[in-house]
Amino acid sequence: MTEEENLIRKIKDELKNADLQSKVFELLSDQKWHCRTHEGKPIGSDQYAGSGGIKGLKRGNKNRSGLVIETKKEYCEVCQKKTSWDRWLGERQEANAPSNIPSILVEKILQVYSYTDVIEQRQREKHELVIDQKC
Ligand SMILES: [Zn+2]
């Protein structure tokens with residue numbers, strides 16, 4: 001069994017109590033693009049893209065990590081209109097349910113980011129100054 005088959009089996013096992021999500025994953029497990037309208041709707045009507053479906057799979061929860069799923073809008077020949085498509089990239093990501101991140105940590109992350117931003121801006125200005133002098 002390949003590593004990928006192992007991963008798919010593991011995820012299926014984790015989803016065995018989540019009826020809709022396991023069906024959605026069954027569809028996405030081939031890592032191809034799937035149209036939400038003509039492929040997703042028969043599985044979960046309007047719930048297919050919601051937290052009981054794709055959104056929930058992406059996000060994960062306390063007991064299971066999320067899935068890396070990308071979404072695009074493209075013309076569907078079956079539906080004969082522009083629809084949303086989803087594709088699983090065969091990878092997992094850390095569950096990012098809001099309750100998993102303590103608010104103090106979020107604040108810290110934001111602080112670090114804005115700080116870096118300031119430094120980068122200064123560096124850029126400095127760099128530009130050097131170029132100006134050469135001219
Ligand atoms: Zn379609």
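**Exercise 1.** In this predicted model, state in which loop S45 lies, and determine whether S45 is buried or exposed.

*Solution.*
Step 1. S45 belongs to the loop that links α3 (36-44) with α4.
Step 2. The number of C-beta neighbours of S45 inside 10 Å is 11.
Step 3. A residue is exposed if 12 or fewer other C-beta atoms lie within 10 Å of its own. S45 therefore counts as exposed, with its 11 neighbours.
Step 4. Most residues other than glycine have a negative phi. The phi of S45, in contrast, is positive, near 40°.

**Exercise 2.** Locate Q80, give its phi, and decide whether Q80 is buried or exposed.

*Solution.*
Step 1. Q80 is found in the loop between β2 (66-76) and β3 (81-93).
Step 2. Its phi is near 60°, a positive value in a residue other than glycine.
Step 3. Because 9 other C-beta atoms lie within 10 Å, Q80 is exposed.

**Exercise 3.** Identify the residues of the largest nonpolar core, and find which element gives the largest share.

*Solution.*
Step 1. This core has 9 residues, namely I11, V24, F25, L28, Y48, I54, L57, L67 and W88.
Step 2. Two or more of these residues come from each of the elements α2 (19-28) and α4 (54-59).
Step 3. The largest share, 3 residues, is given by α2.

**Exercise 4.** List the residues that I54 touches, leaving out those up to four places away in sequence.

*Solution.*
Step 1. I54 is one of the residues of the largest nonpolar core.
Step 2. With that exclusion applied, I54 touches V24, Y48, A49, I69 and D86.
Step 3. Among these contacts, V24 and Y48 also appear in the core.

Terms used. Residues are numbered from 1 along each chain as its sequence is written. This is a predicted model: local features need pLDDT of at least 70, side-chain atom pairs count only at pLDDT 80 or more; totals for chains, interfaces and linings use all residues. A nonpolar core is a set of buried Ala, Val, Leu, Ile, Met, Phe, Trp, Tyr and Cys residues joined through C-beta atoms within 7 Å. A residue is buried if 20 or more other C-beta atoms lie within 10 Å of its own, exposed if 12 or fewer, and partly exposed in between; C-beta atoms are placed from the backbone. Helices (H or I, at least four residues) and strands (E, at least two) are DSSP runs, numbered from the N terminus. Two residues are in contact if their C-beta atoms, placed from the backbone, lie within 7 Å.
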